[in-house]
Amino acid sequence: MPDLSELGSARPIHAPDAHGPKEFPYDGMVAMANEIQKHDPTFTFAGLRPVYDELWNLMNGQRTLEAIRDAICFQFDVEIPQRTIDELVAQLVDSGRVILNQ
């Protein structure tokens with residue numbers, strides 16, 4: 001797994017053979033929704049899929065993870081901790097679906 005402390009400035013991009021985000025395990029989605037709710041009580045589990053899909057769409061190799069997080073928070077009017085975004089991307093990196101450019 002990539003070092004989470006260094007991910008904020010990384011610029012993720014889809015791996016050449018990746019055609020969409022890998023299905024995130026249900027237990028992981030519940031844990032992530034609960035983590036986001038600690039920072040933003042208005043967030044619901046139903047909002048996780050659109051956030052996850054937009055995260056995928058914004059990974060173009062140009063935007064940093066910090067910029068992606070800011071865009072998602074603005075677009076969905078939600079407060080998501082950077083660590084939550086970093087952990088999601090780290091899982092995509094581990095699965096080979098995303099590559100990090102520094």
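# Briefing: a buried arginine and a four-helix core

Let's start with arginine 69, which counts as buried at 14% relative accessibility. That figure, like the rest here, comes from a predicted model. The chain has four helices and two strands, and read along the sequence they run β-α-α-α-α-β. Below are the confidence, the core, helix H2 and the charged side chains.

**Confidence and overall layout**

- Mean pLDDT for the chain is 85, with 87% of the residues at 70 or more.
- Among the elements, H3 has the highest mean pLDDT, 94, and H1 the lowest, 84.
- A general caution: where pLDDT is low, the predicted coordinates should not be read in detail.
- The chain has 102 residues, and 42% of them count as buried.
- Take the contacts between residues at least 6 apart in sequence: 71% of these join residues at least 24 apart.

**The nonpolar core**

- The largest nonpolar core has 25 residues, and the members that touch the most others are Leu55, Met59, Ile72 and Ile80.
- Four elements give two or more residues to this core: helix H1 (26–39), helix H2 (48–58), helix H3 (65–76) and helix H4 (82–94).
- H2 makes the largest contribution to the core, with six residues.
- As a general point, nonpolar side chains in soluble globular proteins tend to be buried together.
- Met59 is worth clicking on: leaving out neighbours within four places in sequence, methionine 59 is in contact with Pro12, Ile13, His14, Ile68, Val89, Leu92 and Val98.

**Helix H2 and its odd one out**

- The buried residues of H2 are Leu48, Val51, Tyr52, Glu54, Leu55, Trp56 and Leu58.
- They are covered by, among others, strand E1 (11–14), H1, H3, H4 and strand E2 (98–101).
- Glu54 is the charged name in that list of buried H2 residues, and glutamate 54 has no salt bridge despite being buried.
- The nearest side chain of opposite charge to glutamate 54 belongs to arginine 63, 7.2 Å away.
- So what does glutamate 54 touch, not counting residues up to four places away in sequence? The residues are Ile72, Gln75 and Phe76.

**Arginine 69 and its partners**

- Arginine 69 sits in helix H3, and it counts as buried because its relative accessibility of 14% falls under the 20% cut-off.
- Aspartate 70 forms a salt bridge with arginine 69, with 2.9 Å between the closest N and O atoms.
- Unlike that buried arginine, aspartate 70 counts as partly exposed, at 45% relative accessibility.
- The side chains of arginine 69 and glutamate 79 are joined by a polar contact of 2.3 Å.
- Put together, Arg69, Asp70 and Glu79 are linked in a network of salt bridges.
- Where else does the side chain of arginine 69 reach, at 2.6 Å? It goes to the backbone oxygen of isoleucine 80, and Ile80 is also one of the core members that touch the most others.
- Leaving aside residues up to four places away in sequence, arginine 69 touches Glu79, Ile80, Pro81, Gln82 and Ile85.

**Other salt bridges**

- How many salt bridges does the structure hold? There are five.
- One of them pairs the side chains of aspartate 53 and arginine 49, at 3.7 Å from N to O.
- Aspartate 53 and arginine 49 both lie in helix H2, four residues apart, or about one turn of the helix.
- Both ends of this pair are partly exposed: aspartate 53 has a relative accessible area of 30%, and arginine 49 has 26%.
- Another salt bridge brings together the side chains of glutamate 87 and arginine 83, at 3.1 Å from N to O.
- Glutamate 87 and arginine 83 are four residues apart in helix H4, so about one helical turn separates them.
- Glutamate 87 counts as partly exposed at 29% relative accessibility, while arginine 83 is exposed, with a relative accessible area of 52%.

Key
Residues numbered from 1 in each chain as written. Predicted model: local features only at pLDDT ≥ 70, side-chain atom pairs only at ≥ 80, totals over all residues. Heavy atoms only, no water. Core = buried A, V, L, I, M, F, W, Y, C linked by side-chain atoms within 4.5 Å. Buried < 20%, exposed > 50% of the residue type's maximum accessible area, 1.4 Å probe, protein only. Contact = heavy atoms within 4.5 Å. pLDDT = per-residue confidence, 0-100. Polar contact = N/O pair within 3.5 Å; in protein donor to acceptor, adjacent residues only side chain to side chain. Salt bridge = Lys/Arg side-chain N within 4 Å of Asp/Glu carboxyl O. Lys, Arg positive; Asp, Glu negative; His and termini not counted.
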